[in-house]
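Colleague: I would like to learn how to read a model like this one, feature by feature. Where do we start?

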Amino acid sequence: MARRVLIAKKELAVNHDIEAPEVRVIGHDGEQIGVLKRHEAIAKAEEVGLDLIMMSPNAKPPVCKIMDYGKYKYDQSKKANEAKKKQHVIQVKEVKVRATTDQHDLDVKLRNVRKFLSEGNKVKVSLRFRGREMAYTGQGREQLEHIAEEVKELGKPEKMPNMEGRQMIMIINPLKK
């Protein structure tokens with residue numbers, strides 16, 4: 001009959017798992033019953049056909065509530081699922097350009113960057129140098145700075161262009177709405 005539940009990384013004691021000799025009891029309708037001995041509180045909960053759940057173990061004396069344990073667990077999982085639905089996960093989208101990318105192609109890439117930023121995602125703009133292009137890293141930096149300038153109304157660079165091997169990378173964060 002011993003049952004425990006893990007909620008928010010806290011272990012809640014239920015019925016006979018409660019170890020405190022005296023507990024402050026809150027009834028199933030929300031009213032304060034008072035401080036009772038543990039076995040009296042469990043008997044009171046069993047009278048109504050419910051469980052005694054320790055809600056605040058650090059209080060003096062610990063606070064316990066008479067409620068349906070199964071329903072409590074169900075409500076907690078529903079709340080967790082609801083919170084999970086409402087949160088927005090920020091993804092990092094990547095756009096690859098080259099130092100020699102022409103203006104029209106760059107406009108297409110910029111349109112994608114704007115779309116990603118308006119959706120609230122971070123954008124990683126990476127520029128790869130091949131062969132002799134390594135001699136023109138300044139041109140690549142100008143290309144990335146041009147992209148940052150074009151999308152400044154939607155996002156600002158978190159990480160300015162810097163070299164990582166043969167790649168130059170810039171990360172743009174979306175602005176808060």
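**Reading sheets, helices and loops**

Modeller: Start with one residue pair: in strand β6, I53 has K65 as its bridge partner. Keep in mind that this is a predicted model.

Colleague: How many bridges join β5 to β6, and do these strands run parallel or antiparallel?

Modeller: Count the bridges, then compare directions. Here 5 bridges join β5 to β6 (residues 63–67), and the two run antiparallel.

Colleague: What is the strand order of the open sheet with β5 and β6 in it?

Modeller: Follow the pairing from one strand to the next. The order is β4-β3-β6-β5, an open sheet of 4 strands with mixed pairing. β4 (32–37) and β5 (51–56) are the edges; each has a single partner strand, so one side of each lacks a neighbour in the sheet. On average, neighbouring strands here are turned by 35 degrees against each other, direction ignored.

Colleague: Which helices lie across these strands?

Modeller: Look for contacts first, then for the angle. Helix α1 (residues 38–47) lies across β3 (22–26), β4, β5 and β6. Helix α1 runs at about 130 degrees to β4. Helix α2 lies across β5 and β6, at about 45 degrees to β5.

Colleague: How many residues does α2 have, and what span should they give?

Modeller: Compare the expected span with the distance between the end C-alpha atoms. α2 (residues 69–86) has 18 residues, which at 1.5 Å a residue should span 26 Å. Its end C-alpha atoms are 26 Å apart, so the two agree.

Colleague: Which residue caps the N-terminal end of α2?

Modeller: Look for a side chain that reaches a backbone nitrogen. D68 is the cap: one of its side-chain oxygens lies 3.4 Å from the backbone nitrogen of G70.

Colleague: Now a single residue. Is V23 buried or exposed?

Modeller: Read the relative accessibility against the cut-off. Buried means under 20%. V23 sits in strand β3. V23 has 0% relative accessibility, so V23 counts as buried.

Colleague: What does V23 touch, beyond residues up to four places away in sequence?

Modeller: Leave out the sequence neighbours, then list the contacts. V23 touches I18, G34, V35, L36, A41, P61, P62 and C64. For a distance rather than a contact, take H39: 16 residues along the chain from V23, with 9.8 Å between the C-alpha atoms.

Colleague: P61 is on that list. Where does P61 lie?

Modeller: P61 is in the loop between β5 and β6. Check omega there as well. The peptide bond from K60 to P61 is cis, with omega near -15 degrees.

Colleague: On to the other sheet. What is the order of the strands from β7 on, and which are the edges?

Modeller: Use the pairing again. This open sheet has 4 strands in the order β7-β8-β10-β9, with mixed pairing. Its edge strands are β7 (92–97) and β9 (155–164), each paired on one side only. Neighbouring strands are turned by 20 degrees against each other on average, direction ignored.

Colleague: Do β7 and β8 run parallel or antiparallel?

Modeller: Parallel, with 6 bridges joining β7 to β8 (residues 122–128). One example is K93, whose bridge partner in β8 is V123. Helix α3 (residues 103–118) packs on this sheet and touches β7, β8, β9 and β10 (167–174). The direction of α3 makes about 170 degrees with that of β7.

Colleague: And where is α4?

Modeller: Helix α4 (residues 137–150) lies across β7, β8, β9 and β10 and runs at about 10 degrees to β10.

Colleague: Which residues of α4 are buried, and where on the helix are they?

Modeller: List the buried residues, then view them around the axis. In α4 they are G140, Q143, L144, I147 and A148. They cover an arc of only 140 degrees around the axis, so they lie on the same side of α4. These buried residues pack against β7, α3, β8, β9 and β10.

Colleague: Take Q143. What is its relative accessibility, and what is in contact with it?

Modeller: Q143 is at 11% relative accessibility and therefore counts as buried. Leaving aside neighbours within four places in sequence, Q143 is in contact with R98, A99, T101, L106 and L127.

Colleague: Where is T101, and which backbone nitrogen lies 2.8 Å from its side chain?

Modeller: T101 is in the loop between β7 and α3. A polar atom of its side chain lies 2.8 Å from the backbone nitrogen of R98. Beyond residues up to four places away in sequence, T101 touches L106 and Q143.

Terms used:
Residues numbered from 1 in each chain as written. Predicted model: local features only at pLDDT ≥ 70, side-chain atom pairs only at ≥ 80, totals over all residues. Heavy atoms only, no water. Pairing = 2+ DSSP bridges. Axes fitted to C-alpha atoms, helices over the stretch in contact; angles between N-to-C directions. Contact = heavy atoms within 4.5 Å. Buried < 20%, exposed > 50% of the residue type's maximum accessible area, 1.4 Å probe, protein only. Arc of directions from axis to C-beta. Polar contact = N/O pair within 3.5 Å; in protein donor to acceptor, adjacent residues only side chain to side chain. Expected span 1.5 Å × (residues − 1).
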